Amino acid sequence: MLPALSTIVLLPADASAHGPALDHHLLLNLWIILGLAAFAHVLLLAGLSLRRSSQPVHLWTIEYLPLALLAILFSALAVRAEQLWAETRYTGSSPEATQIEVTGLQFAWYFRYPGPDATFGTTQPRFASAPEGNPIGIDPADPHSADDLVTSELVIPADREIDLTLHAQDVIHGFAVPELRLKQNAVPGENIHIHFTATRPGIYAILCTQLCGTGHYRMNANLRVVAPDEFQAWIAAREKAAHP
Amino acid sequence: MPSTITPINTEWEKKRRLDDHDSGHGRRPPTDKRTGGGGDNDNWNDRPQGRRGPREKLSRARLGLFFALAGDTMFFVAIVSAFFVAQGTSHIDAYNRYINEWFPTAVPPILWLNTAVLLLSSVTMEIARRTMFRENDVMDEWLGLGKPITRRALPWLTATTVLGLLFLAGQAEAWRQLGLQHVFFASNPSSHFFYLITYTHAFHLFLGIGALGASLITLYASRQLETRQILVDCTAWYWHTMGLFWIFLFVLLAFFQ
Amino acid sequence: MTPPSPPKNSSLYSLSPGPSLFSTDHRAIGRQYLALALFAVVIGTLLSLLMRAHLVWPAWAVPLYGPILPEGYLSLVTLHGTIMLFFVLTTAPQSGFGNLILPAQIGARQMAFPHLNAASFWLTALALIVLLASPFVPGGAAISGWTAYPPLSAVASAGPGQAAGMDLWLASIALFAVASTLSSINTLVTVARLRCEGMTWNRLPLTVWGWFTAALLSVIAFSVLLAALLLLYCDRHAGTSFFLPTGDLINGVIHTHGNGSPLLWLHLFWFFGHPEVYIAILPGMGLTSMVLANFSHRRVFGYRLMIATTLLIGLLGILLWGHHMFVAGLNPFASTAFSATTIAIALPASAKVLSWIATIWRARPHYSSAMLFALGFVSLFITGGLTGPILAQPILDEYLHNTFFVVAHFHLIMAMAGIFGLFSATYYWFPLLSATSRHPGCLLSERLGRWHFWLTLVGAYATFLPMHFTGLAGEPRHYAQLTEIPNAAGRMLAATVPLNLHITYAAIFLAAAQLVFLANLIRSLRHPAPSPPNPWHATTLEWHPALHPRARLDASDALKVLRGPCDYRTPDSGKAFFVTQWNHEATPDIKPE
């Protein structure tokens, strides 16, 4: 039933582990507000059409009782929403999560893999130069930088927890993957972490969702979810090509 | 046929308390200076409607100033909260070091003198404000027997203006002293705030001096006593508020950097 | 009883002897504000039509200008948002109709500080001129949206239009903030101190409560905006770093000194920005209650509760700014706290909706144009408001933030409901709006008004309901183009184009429907249909003959209010009658033609 409902409201198919719960809660909310809106309009039209009678007087039945019911309804929805929010946001990723760094700059996304040493090399803005092949400014002097892999396509293994560290080089950008139900702004000067697990292999859209300048609309990238062994192969091949 | 409408209650039942309004201070009971309807106190059953007079005009002016100062307070609250945010903002640099670049700006000692001058000016301002409302002098002016209020208020208003200008000169001196130490507006985050806070406060005080000047001129130029009273009164409250702001801002700069 | 026609040259008969540009008469200033808002809304609407057209026909060249480039599109977005929110939705309900009607509704002859009032208007006009000048400076208008997030807005090289264009935007909004604060102080002191005899706080019409609460919010919020603008100005021109972090690399230039935080701007701006939208809608909510009661010949249901909910919405409105920042880098615990306050404000808003429905319940009202627009307000408020609780939940906002779902939400509940409130006010108060010391008031055509209402209602829903779906499909805001974008993103965006085409057609229809209103305005001003003194059988004080512009000045000295508003009575048998706030006897309530 969920995929059918999702199609009605044009939600793209979900490919993440936390997505189904989010979709379910979103659809629940949408049905509820559709019902409430329809009911309120029916009441409005009924009130206008029915024969004239004396004015309602009972404040309790007309105001306070419905308000109490609405309060219970909204609180229930909010509590469930906070549960889901807490699950994805209150704690960080587990230590075994795959670490990938995302850097947004006007107007592209770059992704960095730490390589076999599992450590990102330091970056400094003064080294950043896209024409020279170093768009995010990796410090060449740092020994950990040697095996870092920078790509413009985010490739991740399916069914493994991924931890993304979001950076922005210049202005605020919004890292969003609608099909994985992910969205988080990358703020210059901050390191913001989000973690998730992708469940279905495929190619998904990464969009920028915070106005960042003239190229905002074309600041997108591909997220490619592949099977874990394919991911290993891809990483190995890229490392070999970059550092023979 | 009785109406089937149940009147919706928009009227409060006022509890009438038996109170002799004597708080035991022994002074003569306060004179009711209200001249007529003012829309407040909702006491319409007991007082006849009258024209709105000087007391009501003063009350309006004070209320307007109150709301303006409420907005101004939010302005300073915003700047002060930015101050605390900037103080606590840090970043982790490329070498995994925690960097907080807040180097407190030492407050030039002359600022203590300036604070004393400003507080003194508040005292003179309050004395000036009270001279405007001395009942005997108000009656004399109203009866056309000279201008005792102007005579009494003038020296105190002048003193306040002089002290205010002295404060601004002292602020300028403080900025000059900092400049000699090569601490300017754009030098570092804490100097941003030092200068921003002192500049905006000085600007407000400059407006206050303008109001004082207008009051001095109005003492002679205006024929209506109520205009003179309102101008001096509102200037006084504005001045006191700027003094109060300064105390908070000064304590912030001196002890919370 | 018609007011006597004034003899010539009699100063007893009007406050201002004639139309004067710098008039301090509250009615003249109110009309000036409304004229400014009308001018602004026409421009804002044209800008939005250009945006919609470009989105679905990207290659279309604007006549005498050429195709719209991405920076052009973004400057359209910025100007549209800024003009509509500030110069239409903050000026017209609060300063326009407030100045026009508020003094009369409380029995005062003028606002508390008439000269300050005139100064506020001219500052607002100057602010609009400065803003409209920004597309013509080198670089063009600003492209950072009405929210102006730094570092995009703090560094001139971050984009075209971020140099001179951004400076002009800053100047314009700063002027507007000052003007708005001054105007609000005027409103607050007028309500507190200029009420006539008998007009107690409990008897104030709900419109006055709406203006009062909005003015309270204005005084608090605009000052914080002014502080934020000052800090942004310093970052741009004084070498400071309130919002710029160290190591920020923009256009090849590294920012090395200072340790600012862009999030600080978000906090300061949204602390202003959220109360701002309540400022825009509170007067409309008050008016809706009164208009619904008037034409239903009923009391407002739960009058004291309505006063309480107005104040509660004002208070809560200050506490929930963080819901604009759920995914902006805010602490997730803070997000939960802001979510709680945001959900909480749904309750006083729902209480108002229940009151509106109860007021018209089985009342067989008279469907004047003003009533129709008030009913439209209720409908749009319900539809637009119900998407609020969805956006208030951070986990759902994670998907919907900055998509067209949000655009649909605020356009329905703020833009459309706000505009419907303004139209209702115009049709309702047109006799007072058009009355001067020389001319009696006239009525707008009811027939044209009905056409206007139905076309606009259909247009509003047709334009903004589909936006919910494009938002759910993932379409982000502020995208200058949806087509010819590579990769998976391009496929996702291109899929939204068919719905967007419908939205564009509907938007053109909606804009065209307003021509009916303009025609109505022009016709009524050229061939006025004179209005009887209290055409709607209203009970509130602004319809008192002594407060009419043509009445003697001293006629309002004897004003005395005897009861609360909306005293409509319909005994079980016999005719209906109503009692105005000032009359001792009841008046027969025969339905107007």
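## Close-up views of a predicted model

**View 1. H1(C) and H2(C) are roughly antiparallel to each other.** This view, like the others, comes from a predicted model. Helix H1 of chain C covers residues 26-56 and helix H2 of chain C covers residues 70-88; the two pack at an angle of about 150 degrees. Angles over 145 degrees count as roughly antiparallel, and this pair therefore earns that description. Their axes are 9 Å apart, and the crossing of H1(C) and H2(C) is left-handed.

**View 2. Here we look at the residues where H1(C) meets H2(C).** Which residues of H1(C) should you look for in this contact? Among them are C:Leu36, C:Ala40, C:Ile43, C:Leu47 and C:Met51. On the H2(C) side, the residues include C:Tyr73, C:Leu76, C:His80, C:Ile83 and C:Phe87. Sorted by character, the residues of this contact comprise 16 nonpolar, four polar and no charged.

**View 3. Five strands of chain A form an open sheet.** Follow the strands in the order S4-S10-S9-S6-S7, and note that their pairing is mixed. Strands of a sheet pair through backbone hydrogen bonds, either parallel or antiparallel. Why do S4 (154-157) and S7 (182-186) of chain A each have one side without a neighbour in the sheet? Both stand at the edges with a single partner strand each, so one side of each stays free of a neighbour there. On average, neighbouring strands of this sheet are turned by 20 degrees against each other, ignoring direction.

**View 4. Strand S6 of chain A pairs with S7(A) in the antiparallel sense.** S6(A) spans residues 173-177, and five bridges join the pair. For one of these partnerships, find A:His173: its bridge partner in S7(A) is A:Ala186.

**View 5. Helices from chain A and chain C meet strands of the sheet.** Helix H4 of chain A (residues 228-242) packs on the sheet and touches S4 and S10 (221-226) of chain A. The direction of H4(A) makes about 135 degrees with that of S4(A). From chain C comes helix H15 (residues 487-494), which lies across S9 (202-208) and S10 of chain A. H15(C) runs at about 80 degrees to S9(A).

**View 6. Chain C touches chain B.** How many residues does each chain bring to the contact? Chain C provides 48 residues and chain B provides 41 residues. On the chain C side, helices H5 (164-193), H6 (206-237), H7 (262-296) and H8 (303-317) each give two or more residues. H6(C) gives the most, with 10 residues. The chain C side divides into 25 nonpolar, 15 polar and eight charged residues.

Terms used
Residues are numbered from 1 along each chain as its sequence is written. Chains are lettered from A and ligands numbered from 1 in the order in which they are written. This is a predicted model: local features need pLDDT of at least 70, side-chain atom pairs count only at pLDDT 80 or more; totals for chains, interfaces and linings use all residues. Two residues are in contact if their C-beta atoms, placed from the backbone, lie within 7 Å. Helices (H or I, at least four residues) and strands (E, at least two) are DSSP runs, numbered from the N terminus. Ala, Val, Leu, Ile, Met, Phe, Trp, Tyr, Cys and Pro count as nonpolar, Asp, Glu, Lys and Arg as charged, and the others, Gly among them, as polar. Axes are lines fitted to C-alpha atoms, for helices over the stretch in contact, and angles run from 0 to 180 degrees between N-to-C directions. Angles under 35 degrees count as roughly parallel, over 145 as roughly antiparallel, 65 to 115 as roughly perpendicular and the rest as oblique. A crossing is left-handed if the near helix is turned anticlockwise from the far one by less than a right angle, and right-handed if clockwise. Two strands pair if DSSP finds at least two bridges between them.
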